[in-house]
Amino acid sequence: MDRFVYLDNAATTKVSDRVLEIMLPFLHEYYGNPSSVYQFANIASNAVDEARSKVASALNCDADEVFFTSCGTESDNWAIKGAAGQLKAKGKNHIITSVFEHHAVLHSVDHLVREGFQVSYIPVDTGGFVDPEAVRAALRETTAVVSIMYANNEIGTIQPVSEIGAICRAAGVWFHTDAVQAVGNVDMDVKRDNIDMLSLSGHKIGAPKGVGALYIRKGVKLDTFMDGGSQERGKRAGTENVTGIAALGAAIEDASKDIAKKTAYLQKLRDVYLDRMLSLEGVRLNGARENRLAGNANISIEGIEGESMLLRLSLAGISASSGSACTSGSLDPSHVLLSIGLPHEIAHGSLRTTFSTDNTLDDIHYVCEQLITIIALLREMSPVWEKRISKM
(Lines give C-alpha, C1' and ligand atoms only; values in the text may rest on other atoms or scores of the structure.)
Protein backbone atom coordinates (compact mmCIF):
# COMPACT_ATOMS: atom_id res chain seq x y z
CA MET A 1 0.00 0.00 0.00
CA ASP A 2 1.26 3.46 -0.89
CA ARG A 3 -0.81 4.96 1.91
CA PHE A 4 -2.36 3.77 5.16
CA VAL A 5 -5.25 5.52 6.93
CA TYR A 6 -6.66 3.87 10.05
CA LEU A 7 -10.29 4.79 10.76
CA ASP A 8 -11.40 1.96 13.04
CA ASN A 9 -10.52 3.33 16.45
CA ALA A 10 -13.82 2.20 17.94
CA ALA A 11 -12.63 -1.36 17.29
CA THR A 12 -9.19 -0.85 18.78
CA THR A 13 -6.48 1.77 19.08
CA LYS A 14 -2.74 1.60 18.77
CA VAL A 15 -0.67 1.64 21.95
CA SER A 16 0.70 5.14 22.42
CA ASP A 17 4.45 5.72 22.65
CA ARG A 18 4.24 6.82 26.29
CA VAL A 19 2.15 3.82 27.27
CA LEU A 20 4.53 1.44 25.50
CA GLU A 21 7.46 2.98 27.36
CA ILE A 22 5.68 2.41 30.67
CA MET A 23 4.80 -1.20 29.77
CA LEU A 24 8.20 -2.48 28.71
CA PRO A 25 9.98 -2.59 32.13
CA PHE A 26 7.25 -4.85 33.53
CA LEU A 27 7.84 -7.36 30.74
CA HIS A 28 11.58 -7.70 31.24
CA GLU A 29 12.93 -5.80 34.24
CA TYR A 30 10.26 -5.63 36.97
CA TYR A 31 8.59 -8.97 36.37
CA GLY A 32 7.88 -9.92 40.00
CA ASN A 33 4.52 -11.31 41.04
CA PRO A 34 2.71 -8.48 42.88
CA SER A 35 1.32 -10.95 45.44
CA SER A 36 4.79 -11.96 46.63
CA VAL A 37 6.19 -10.47 49.84
CA TYR A 38 9.78 -9.63 48.86
CA GLN A 39 10.90 -6.15 47.89
CA PHE A 40 11.34 -6.94 44.20
CA ALA A 41 7.63 -7.77 43.96
CA ASN A 42 6.70 -4.47 45.57
CA ILE A 43 7.58 -2.66 42.37
CA ALA A 44 4.86 -4.56 40.53
CA SER A 45 2.42 -4.19 43.42
CA ASN A 46 3.01 -0.44 43.57
CA ALA A 47 2.41 -0.19 39.82
CA VAL A 48 -0.98 -1.86 40.20
CA ASP A 49 -1.89 0.49 43.06
CA GLU A 50 -0.79 3.53 41.08
CA ALA A 51 -2.82 2.47 38.04
CA ARG A 52 -5.87 1.86 40.23
CA SER A 53 -5.60 5.40 41.56
CA LYS A 54 -5.34 6.80 38.03
CA VAL A 55 -8.45 4.97 36.89
CA ALA A 56 -10.28 6.17 40.00
CA SER A 57 -9.23 9.75 39.32
CA ALA A 58 -10.55 9.55 35.75
CA LEU A 59 -13.92 8.22 36.98
CA ASN A 60 -14.14 10.38 40.15
CA CYS A 61 -14.38 7.43 42.52
CA ASP A 62 -12.28 5.84 45.24
CA ALA A 63 -9.42 3.55 44.29
CA ASP A 64 -10.91 0.61 46.20
CA GLU A 65 -14.00 0.84 43.97
CA VAL A 66 -11.90 -0.08 40.89
CA PHE A 67 -11.41 -3.74 39.98
CA PHE A 68 -9.14 -4.77 37.12
CA THR A 69 -10.40 -7.25 34.53
CA SER A 70 -9.23 -8.61 31.19
CA CYS A 71 -11.53 -6.46 29.02
CA GLY A 72 -14.82 -4.60 28.75
CA THR A 73 -16.67 -7.80 27.91
CA GLU A 74 -15.57 -9.40 31.17
CA SER A 75 -16.55 -6.28 33.07
CA ASP A 76 -20.03 -6.34 31.51
CA ASN A 77 -20.46 -10.02 32.33
CA TRP A 78 -19.34 -9.55 35.91
CA ALA A 79 -21.55 -6.51 36.52
CA ILE A 80 -24.75 -8.02 35.14
CA LYS A 81 -24.37 -11.62 36.23
CA GLY A 82 -22.82 -10.64 39.55
CA ALA A 83 -25.69 -8.30 40.37
CA ALA A 84 -28.27 -10.87 39.30
CA GLY A 85 -26.64 -13.55 41.42
CA GLN A 86 -26.73 -11.35 44.53
CA LEU A 87 -30.28 -10.09 44.11
CA LYS A 88 -32.11 -13.18 42.88
CA ALA A 89 -32.36 -14.50 46.43
CA LYS A 90 -34.19 -11.29 47.35
CA GLY A 91 -36.82 -11.89 44.70
CA LYS A 92 -35.19 -9.57 42.16
CA ASN A 93 -35.44 -11.46 38.87
CA HIS A 94 -36.01 -8.66 36.35
CA ILE A 95 -33.43 -6.87 34.20
CA ILE A 96 -33.76 -3.75 32.05
CA THR A 97 -31.49 -3.03 29.11
CA SER A 98 -31.75 -1.50 25.63
CA VAL A 99 -32.16 -3.16 22.27
CA PHE A 100 -28.87 -1.82 20.90
CA GLU A 101 -26.40 -2.73 23.63
CA HIS A 102 -23.08 -4.38 22.89
CA HIS A 103 -23.38 -8.15 22.63
CA ALA A 104 -21.39 -8.50 25.86
CA VAL A 105 -24.45 -7.10 27.61
CA LEU A 106 -27.13 -8.70 25.44
CA HIS A 107 -25.61 -12.17 25.65
CA SER A 108 -25.12 -11.85 29.41
CA VAL A 109 -28.81 -11.03 29.69
CA ASP A 110 -29.66 -13.98 27.42
CA HIS A 111 -27.73 -16.23 29.81
CA LEU A 112 -29.78 -14.97 32.75
CA VAL A 113 -33.05 -15.45 30.86
CA ARG A 114 -32.15 -19.12 30.57
CA GLU A 115 -31.80 -19.12 34.36
CA GLY A 116 -35.31 -17.76 34.84
CA PHE A 117 -34.80 -14.00 34.76
CA GLN A 118 -37.20 -11.70 32.96
CA VAL A 119 -35.97 -8.84 30.79
CA SER A 120 -37.41 -5.61 29.43
CA TYR A 121 -35.71 -4.28 26.28
CA ILE A 122 -36.00 -0.51 25.94
CA PRO A 123 -36.30 0.65 22.31
CA VAL A 124 -34.32 3.54 20.86
CA ASP A 125 -35.60 6.31 18.63
CA THR A 126 -34.46 6.95 15.06
CA GLY A 127 -31.72 9.23 16.36
CA GLY A 128 -30.28 6.41 18.43
CA PHE A 129 -31.29 7.46 21.94
CA VAL A 130 -32.90 5.75 24.91
CA ASP A 131 -35.74 7.68 26.56
CA PRO A 132 -35.16 7.83 30.35
CA GLU A 133 -38.92 7.82 30.89
CA ALA A 134 -39.11 4.48 29.11
CA VAL A 135 -36.66 3.14 31.68
CA ARG A 136 -38.77 4.56 34.49
CA ALA A 137 -41.90 2.95 33.06
CA ALA A 138 -40.17 -0.44 32.80
CA LEU A 139 -39.07 -0.53 36.45
CA ARG A 140 -40.69 -3.14 38.69
CA GLU A 141 -40.39 -4.05 42.34
CA THR A 142 -38.49 -7.11 41.13
CA THR A 143 -35.97 -5.18 38.98
CA ALA A 144 -32.43 -6.21 39.92
CA VAL A 145 -30.29 -4.12 37.56
CA VAL A 146 -30.57 -1.66 34.70
CA SER A 147 -27.81 -1.72 32.06
CA ILE A 148 -27.73 1.09 29.48
CA MET A 149 -24.56 1.89 27.56
CA TYR A 150 -22.94 5.33 27.86
CA ALA A 151 -22.23 5.71 24.14
CA ASN A 152 -23.14 3.31 21.37
CA ASN A 153 -20.23 1.44 19.83
CA GLU A 154 -21.58 1.59 16.27
CA ILE A 155 -23.31 4.93 15.83
CA GLY A 156 -21.67 6.82 18.70
CA THR A 157 -24.80 8.34 20.21
CA ILE A 158 -24.30 9.45 23.83
CA GLN A 159 -27.11 8.33 26.09
CA PRO A 160 -28.77 10.38 28.88
CA VAL A 161 -26.91 8.36 31.47
CA SER A 162 -27.18 10.88 34.29
CA GLU A 163 -30.99 11.01 34.00
CA ILE A 164 -31.27 7.24 33.82
CA GLY A 165 -28.95 6.89 36.78
CA ALA A 166 -31.02 9.32 38.83
CA ILE A 167 -34.19 7.37 38.06
CA CYS A 168 -32.55 4.12 39.13
CA ARG A 169 -31.05 5.66 42.28
CA ALA A 170 -34.45 7.01 43.33
CA ALA A 171 -35.99 3.57 42.80
CA GLY A 172 -33.22 1.78 44.69
CA VAL A 173 -32.19 -0.20 41.59
CA TRP A 174 -28.55 -0.75 40.65
CA PHE A 175 -27.48 0.98 37.44
CA HIS A 176 -24.68 -0.35 35.21
CA THR A 177 -23.30 1.36 32.13
CA ASP A 178 -20.99 0.00 29.46
CA ALA A 179 -18.70 3.01 29.00
CA VAL A 180 -16.13 1.26 26.82
CA GLN A 181 -16.57 3.77 23.98
CA ALA A 182 -17.13 6.81 26.20
CA VAL A 183 -14.12 6.69 28.52
CA GLY A 184 -11.47 9.05 27.21
CA ASN A 185 -13.97 10.75 24.90
CA VAL A 186 -16.51 12.06 27.42
CA ASP A 187 -15.90 13.60 30.83
CA MET A 188 -16.55 10.80 33.33
CA ASP A 189 -18.03 11.27 36.80
CA VAL A 190 -19.73 8.26 38.34
CA LYS A 191 -21.03 10.33 41.26
CA ARG A 192 -22.58 13.02 39.07
CA ASP A 193 -24.18 10.39 36.84
CA ASN A 194 -25.51 8.16 39.65
CA ILE A 195 -23.64 5.15 38.28
CA ASP A 196 -23.32 2.02 40.43
CA MET A 197 -21.17 -0.02 38.03
CA LEU A 198 -19.16 1.04 34.98
CA SER A 199 -17.23 -1.06 32.46
CA LEU A 200 -14.19 0.14 30.52
CA SER A 201 -11.55 -1.35 28.26
CA GLY A 202 -7.89 -0.45 27.78
CA HIS A 203 -7.48 -1.10 24.09
CA LYS A 204 -10.02 1.60 23.18
CA ILE A 205 -7.86 4.34 24.72
CA GLY A 206 -4.26 3.54 23.78
CA ALA A 207 -3.52 0.61 26.11
CA PRO A 208 -2.97 -2.98 24.89
CA LYS A 209 -5.67 -5.59 24.45
CA GLY A 210 -6.28 -7.82 27.44
CA VAL A 211 -6.93 -5.32 30.22
CA GLY A 212 -10.05 -3.54 31.45
CA ALA A 213 -11.72 -2.42 34.64
CA LEU A 214 -15.03 -2.45 36.44
CA TYR A 215 -16.09 0.31 38.81
CA ILE A 216 -18.28 -1.06 41.62
CA ARG A 217 -19.73 1.56 43.96
CA LYS A 218 -19.30 0.96 47.66
CA GLY A 219 -22.41 -0.77 48.95
CA VAL A 220 -22.97 -2.72 45.72
CA LYS A 221 -22.17 -6.37 46.40
CA LEU A 222 -21.54 -8.58 43.38
CA ASP A 223 -20.93 -12.30 43.22
CA THR A 224 -17.24 -13.20 43.07
CA PHE A 225 -16.27 -13.40 39.42
CA MET A 226 -13.41 -15.89 39.68
CA ASP A 227 -12.38 -18.13 42.56
CA GLY A 228 -8.79 -18.85 43.50
CA GLY A 229 -6.43 -16.43 45.15
CA SER A 230 -7.10 -13.18 46.98
CA GLN A 231 -6.37 -10.82 44.10
CA GLU A 232 -8.72 -7.86 43.51
CA ARG A 233 -9.82 -8.05 47.14
CA GLY A 234 -10.91 -11.65 46.73
CA LYS A 235 -13.42 -10.87 43.98
CA ARG A 236 -11.40 -11.81 40.89
CA ALA A 237 -8.66 -14.36 41.43
CA GLY A 238 -5.63 -14.72 39.18
CA THR A 239 -2.21 -13.12 38.99
CA GLU A 240 -2.58 -9.52 37.92
CA ASN A 241 -1.66 -8.47 34.39
CA VAL A 242 0.79 -5.93 35.73
CA THR A 243 2.01 -4.84 32.30
CA GLY A 244 -1.52 -4.24 31.03
CA ILE A 245 -2.69 -2.62 34.27
CA ALA A 246 0.23 -0.17 34.31
CA ALA A 247 -0.53 0.60 30.67
CA LEU A 248 -4.22 1.17 31.42
CA GLY A 249 -3.38 3.60 34.19
CA ALA A 250 -1.17 5.66 31.90
CA ALA A 251 -3.60 5.45 28.98
CA ILE A 252 -6.67 6.59 30.92
CA GLU A 253 -4.63 9.42 32.43
CA ASP A 254 -3.63 10.60 28.95
CA ALA A 255 -7.05 10.04 27.38
CA SER A 256 -8.80 12.03 30.11
CA LYS A 257 -6.66 15.13 29.58
CA ASP A 258 -7.92 17.96 27.37
CA ILE A 259 -11.05 16.10 26.28
CA ALA A 260 -12.56 19.37 25.07
CA LYS A 261 -9.56 20.06 22.83
CA LYS A 262 -9.58 16.51 21.46
CA THR A 263 -13.33 16.68 20.87
CA ALA A 264 -13.01 19.90 18.89
CA TYR A 265 -10.30 18.41 16.65
CA LEU A 266 -12.14 15.15 16.00
CA GLN A 267 -15.41 16.94 15.35
CA LYS A 268 -13.68 19.07 12.72
CA LEU A 269 -12.45 15.94 10.93
CA ARG A 270 -15.84 14.29 11.23
CA ASP A 271 -17.72 17.30 9.91
CA VAL A 272 -15.48 17.64 6.86
CA TYR A 273 -16.03 13.95 6.14
CA LEU A 274 -19.79 14.04 6.69
CA ASP A 275 -20.35 17.24 4.73
CA ARG A 276 -18.63 15.65 1.75
CA MET A 277 -20.26 12.23 1.97
CA LEU A 278 -23.77 13.41 2.80
CA SER A 279 -23.76 15.58 -0.31
CA LEU A 280 -23.91 12.38 -2.36
CA GLU A 281 -27.23 10.98 -3.48
CA GLY A 282 -28.50 8.04 -1.42
CA VAL A 283 -26.13 8.57 1.54
CA ARG A 284 -27.49 9.11 5.07
CA LEU A 285 -26.09 9.52 8.55
CA ASN A 286 -26.99 6.81 11.06
CA GLY A 287 -27.86 8.32 14.41
CA ALA A 288 -28.25 11.97 15.30
CA ARG A 289 -25.44 14.33 14.37
CA GLU A 290 -25.52 16.00 17.79
CA ASN A 291 -24.89 14.25 21.12
CA ARG A 292 -22.62 11.67 19.57
CA LEU A 293 -18.95 10.84 20.04
CA ALA A 294 -16.88 13.41 18.17
CA GLY A 295 -14.82 10.82 16.33
CA ASN A 296 -17.70 8.62 15.16
CA ALA A 297 -19.33 8.81 11.72
CA ASN A 298 -21.63 5.99 10.63
CA ILE A 299 -23.27 6.33 7.23
CA SER A 300 -25.45 4.14 5.04
CA ILE A 301 -24.97 4.11 1.29
CA GLU A 302 -27.83 2.88 -0.85
CA GLY A 303 -27.17 0.45 -3.65
CA ILE A 304 -24.01 -1.18 -2.32
CA GLU A 305 -23.03 -3.92 0.14
CA GLY A 306 -20.76 -3.14 3.06
CA GLU A 307 -18.29 -5.98 2.72
CA SER A 308 -17.46 -5.13 -0.91
CA MET A 309 -16.89 -1.53 0.11
CA LEU A 310 -14.59 -2.54 2.98
CA LEU A 311 -12.48 -4.77 0.73
CA ARG A 312 -11.99 -2.00 -1.82
CA LEU A 313 -11.18 0.51 0.91
CA SER A 314 -8.60 -1.92 2.26
CA LEU A 315 -6.96 -2.10 -1.16
CA ALA A 316 -6.66 1.69 -0.98
CA GLY A 317 -4.97 1.42 2.43
CA ILE A 318 -8.03 2.49 4.42
CA SER A 319 -9.19 0.53 7.49
CA ALA A 320 -12.81 1.01 8.56
CA SER A 321 -15.75 -1.20 9.51
CA SER A 322 -19.23 -1.86 8.17
CA GLY A 323 -22.68 -1.89 9.67
CA SER A 324 -23.06 -5.18 7.86
CA ALA A 325 -22.14 -8.23 9.92
CA CYS A 326 -21.03 -10.18 6.84
CA THR A 327 -17.39 -10.02 7.88
CA SER A 328 -18.25 -11.99 11.03
CA GLY A 329 -19.87 -14.77 9.01
CA SER A 330 -23.45 -13.59 9.48
CA LEU A 331 -25.88 -12.61 6.75
CA ASP A 332 -27.82 -10.41 9.15
CA PRO A 333 -27.18 -6.68 9.31
CA SER A 334 -26.27 -4.89 12.52
CA HIS A 335 -28.87 -5.07 15.29
CA VAL A 336 -27.98 -1.48 16.13
CA LEU A 337 -28.90 -0.19 12.68
CA LEU A 338 -32.09 -2.22 12.60
CA SER A 339 -33.03 -0.83 16.01
CA ILE A 340 -33.04 2.76 14.67
CA GLY A 341 -35.34 1.76 11.83
CA LEU A 342 -33.07 1.04 8.88
CA PRO A 343 -34.37 -1.56 6.43
CA HIS A 344 -32.10 -4.57 5.88
CA GLU A 345 -30.94 -3.58 2.41
CA ILE A 346 -29.75 -0.15 3.57
CA ALA A 347 -28.24 -1.43 6.82
CA HIS A 348 -26.11 -3.81 4.75
CA GLY A 349 -24.52 -0.81 3.03
CA SER A 350 -23.28 0.94 6.15
CA LEU A 351 -19.80 2.22 6.91
CA ARG A 352 -18.44 3.17 10.34
CA THR A 353 -15.40 5.42 10.41
CA THR A 354 -13.95 6.34 13.79
CA PHE A 355 -11.19 8.93 13.88
CA SER A 356 -8.26 9.61 16.20
CA THR A 357 -5.99 12.57 16.76
CA ASP A 358 -3.41 10.79 14.58
CA ASN A 359 -5.66 11.41 11.56
CA THR A 360 -5.29 14.59 9.53
CA LEU A 361 -7.52 16.63 7.25
CA ASP A 362 -5.45 15.34 4.35
CA ASP A 363 -6.37 11.79 5.43
CA ILE A 364 -10.06 12.72 5.40
CA HIS A 365 -9.88 14.23 1.91
CA TYR A 366 -8.08 11.11 0.65
CA VAL A 367 -10.71 8.82 2.18
CA CYS A 368 -13.54 10.85 0.66
CA GLU A 369 -12.00 10.71 -2.80
CA GLN A 370 -11.48 6.97 -2.58
CA LEU A 371 -15.00 6.40 -1.25
CA ILE A 372 -16.64 8.44 -3.99
CA THR A 373 -14.83 6.36 -6.60
CA ILE A 374 -15.69 3.07 -4.87
CA ILE A 375 -19.36 3.98 -4.44
CA ALA A 376 -19.70 4.85 -8.12
CA LEU A 377 -18.01 1.60 -9.16
CA LEU A 378 -20.12 -0.62 -6.89
CA ARG A 379 -23.32 1.11 -7.89
CA GLU A 380 -22.59 0.43 -11.55
CA MET A 381 -22.69 -3.28 -10.69
CA SER A 382 -25.66 -3.07 -8.34
CA PRO A 383 -29.11 -4.24 -9.52
CA VAL A 384 -30.56 -2.60 -6.41
CA TRP A 385 -29.19 0.80 -7.40
CA GLU A 386 -30.19 0.31 -11.03
CA LYS A 387 -33.75 -0.47 -9.92
CA ARG A 388 -33.79 2.63 -7.70
CA ILE A 389 -32.58 4.88 -10.53
CA SER A 390 -35.14 3.46 -12.96
CA LYS A 391 -37.95 4.48 -10.59
CA MET A 392 -36.82 8.09 -10.42
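**Briefing: sheet, helices and cysteines**

The structure holds zero disulfides. It is a predicted model. One part of it is an open sheet of seven strands with mixed pairing, and helices α2 and α6 lie against strands of that sheet.

**The sheet**

- The seven strands follow one another in the order β2-β8-β7-β6-β5-β3-β4.
- The edge positions belong to β2 (66–69) and β4 (118–122); each has a single partner strand, so one side of each has no neighbour in the sheet.
- From one strand to the next, the twist averages 20°.

**One strand pair**

- Strand β7 covers residues 197–201 and strand β8 covers residues 212–216.
- These two strands pair in the antiparallel sense, over five bridges.
- Leu 200 has Ala 213, in β8, as its bridge partner.

**Helices on the sheet**

- Helix α2, residues 39–59, lies across β2, β7 and β8.
- The direction of helix α2 is at about 115° to β2.
- Helix α6, residues 161–171, packs on the sheet and touches β5 (143–147) and β6 (174–178).
- The direction of helix α6 makes about 160° with that of β6.

**Cysteines**

- A disulfide needs two cysteine sulfur atoms within 2.5 Å.
- For Cys 71, the closest cysteine sulfur is in Cys 61, 19 Å away, so the two are too far apart for a bond.
- Cys 71 is partly exposed, because its relative accessible area is 25%.
- Cys 368 is buried, with a relative accessible area of 1%.

Notes
Residues are numbered from 1 along each chain as its sequence is written. This is a predicted model: local features need pLDDT of at least 70, side-chain atom pairs count only at pLDDT 80 or more; totals for chains, interfaces and linings use all residues. Side-chain values use heavy atoms; hydrogens and water are left out. Two strands pair if DSSP finds at least two bridges between them. Helices (H or I, at least four residues) and strands (E, at least two) are DSSP runs, numbered from the N terminus. Axes are lines fitted to C-alpha atoms, for helices over the stretch in contact, and angles run from 0 to 180 degrees between N-to-C directions. Contact means heavy atoms within 4.5 Å. Buried means under 20% relative accessible area, exposed over 50%, partly exposed in between (1.4 Å probe, protein chains only).
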